[in-house]
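Trainee: I have a new structure open and would like to go over its pockets. Can we walk through them?
Mentor: Yes, here it is.

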Amino acid sequence: MRAKITYLVTAAVLVFYFVLVGSRGVMLIQSGTLLTVTFGVAVLILPVIGLWFLWKNTQFVRRANALAEELEAEGGLPVDELKRLPSGRIDRDSADEVFARRKAETEASPDDWRCWFRLAVAYHDARDTPRARKAMQRAIALHEGRPVST
């Protein structure tokens, strides 16, 4: 729940910032000189890119959460079997051990979105965020029946 609140607050701050920057871009365009119109258009591009990025990330999070809910309803969510350090952080060797099992499971069933979801969680636990994201994107694509590149 804390992560959702943090995400919503961050998204709201970003939208506010995009509106603020966009209004400045419009003001520059309204000035009417070649230089200010050029800067105004350049300034307007930033909020558009930011809104697109925010939208894509929000879609990703919503789809991943939907998969988690479906997997939970099936009783297929990965069990937290990781050892933790006294600080509460995940023990690296423990994460590597679980990752090896998840990877083997995924290699045995490469078309099963559930395996890819669990592999994404294992990547995340092993602190490999880029691969975790790619694995989750593949799980989402498989679940939605979209073509997946190999």
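**Pockets**

Trainee: What volume does the largest pocket have?
Mentor: The largest pocket has a volume of about 930 Å³. A pocket is an open set of points on a 1 Å grid over the protein atoms alone, where a 1.4 Å probe fits, with protein on both sides within 12 Å along at least five of seven lines. Points are joined across faces, edges and corners, and the volume is the space filled by probe spheres set on them.

Trainee: Which residues are closest to its centre?
Mentor: Ala3, Phe60, Val61, Ala64 and Asn65, out of 22 lining residues, meaning those with an atom within 4 Å of a point.

Trainee: Is this model predicted, and how are residues numbered?
Mentor: This is a predicted model, where local features need pLDDT of at least 70 and side-chain atom pairs count only at 80 or more, while totals for chains, interfaces and linings use all residues. Residues are numbered from 1 along each chain as its sequence is written, and side-chain values use heavy atoms, leaving out hydrogens and water.

Trainee: Back to the largest pocket: which element gives the largest share of its lining?
Mentor: H2, with nine residues. Helices here are DSSP runs (H or I, at least four residues), numbered from the N terminus.

Trainee: And the second largest pocket, what is its volume?
Mentor: About 340 Å³. Its lining has 14 residues, and Phe60, Gln137, Arg138, Ala141 and Arg146 lie nearest its centre.

Trainee: Which element gives the most there?
Mentor: H5, with six residues.

How values were computed
Helices (H or I, at least four residues) and strands (E, at least two) are DSSP runs, numbered from the N terminus.
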